Amino acid sequence: FCAIDHVTFTWRFLLLVYPILTLLAFNIGIGMILSALYIFFRDMDYLWSVFIQLLMYGSAIFYMIDRFSPKLQVVFSCNPVYRHIAYVREIVLAGTVPDLTTHLTLAGFALVALAVGSFMYKHYNTRFLYYV
């Protein structure tokens, strides 16, 4: 897509490592949360697939949020997946470096997911054998 859109590669593309690492940490945290919940709630598989579908449509992958009202734009900003996509778009499409607030927001999402995931996994891991 970069070749088709004539996007020039610059040093800013090195910054794409940061959203990849924060998204990785976020996904590990969500994975720990889900691993604890899957044991106790058998319907979590069905609920998670519906949630993932809603998350995909709410992540503004195929559209820009500029068309929506400012209130809906705030709702989009609360979505961690959208924030990562917006970070990558800002570097690749706009050619600018995101501000410090964006960096801290991505790190915050990752740290919260890891903290909650670690807590849930450690708290419930002694009960896993009773439910399997």
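Start at the surface: select Val17, Leu21, Leu24 and Ile28, which together make a nonpolar patch of about 360 Å². Keep in mind as you go that this is a predicted model. Now pick out isoleucine 28 by itself; this residue belongs to helix α1, which spans residues 17-40. Is isoleucine 28 buried, partly exposed or exposed? With a relative accessibility of 44%, isoleucine 28 counts as partly exposed, because buried means under 20% and exposed means over 50%.

Stay on the helix and select phenylalanine 26, which also lies in α1. Phenylalanine 26 has a relative accessible area of 12%, so this residue is buried. What does phenylalanine 26 touch, once neighbours within four places in sequence are left aside? Show Pro80, Phe109, Ala110 and Ala113, and you have its contacts. If you would like a distance to draw here, join the C-alpha atoms of phenylalanine 26 and leucine 16: they are 16 Å apart in space and ten residues apart in sequence.

Next, move to helix α4, residues 80-94, and select arginine 83. Take a moment with this one: arginine 83 is buried, yet has no salt bridge. Which side chain of opposite charge is nearest to arginine 83, and how far away is it? Turn on aspartate 99, and you will find it 6.3 Å away; a salt bridge would need a side-chain nitrogen of Lys or Arg within 4 Å of a carboxyl oxygen of Asp or Glu. To see what surrounds arginine 83, add Ser77, Thr102, Thr105, Leu106 and Phe109, its contacts beyond four places in sequence. Phe109 may look familiar, since phenylalanine 26 is in contact with Phe109 too.

Now for some rings. The structure holds four aromatic pairs. One of them joins phenylalanine 76 and tyrosine 82, with 6.1 Å from centre to centre and 55° between the planes, a tilted arrangement. Both partners are worth colouring by accessibility: phenylalanine 76 is buried at 10% relative accessibility, and tyrosine 82 is buried at 11%. Add Phe68 to your selection, and you have a cluster in which ring pairs link Phe68, Phe76 and Tyr82.

From there, go to helix α2, residues 44-57, and select tyrosine 46. Is tyrosine 46 buried or exposed? Its relative accessibility is 57%, so tyrosine 46 counts as exposed. Draw a line from its C-alpha atom to that of threonine 102, and the separation reads 32 Å, with these positions 56 residues apart along the chain. Threonine 102 has already appeared on this tour, as one of the contacts of arginine 83.

For the last stop, select aspartate 5 in the segment before α1. Aspartate 5 is exposed, with a relative accessible area of 52%. Finish with one more distance: from aspartate 5 to serine 59 is 22 Å, C-alpha to C-alpha, for two residues that stand 54 apart in sequence.

Conventions. Residues numbered from 1 in each chain as written. Predicted model: local features only at pLDDT ≥ 70, side-chain atom pairs only at ≥ 80, totals over all residues. Heavy atoms only, no water. Helix = DSSP H or I, 4+ residues; strand = E, 2+ residues; numbered from the N terminus. Buried < 20%, exposed > 50% of the residue type's maximum accessible area, 1.4 Å probe, protein only. Lys, Arg positive; Asp, Glu negative; His and termini not counted. Contact = heavy atoms within 4.5 Å. Patch = residues over 30% accessible without salt bridge, like charges linked within 9 Å, V, L, I, M, F, W, Y side chains within 5 Å. Areas by Shrake-Rupley, 256 points an atom, 1.4 Å probe, with all protein chains shown as cover. Phe/Tyr/Trp six-rings, centres within 6.5 Å; stacked < 30°, edge-to-face > 60°.
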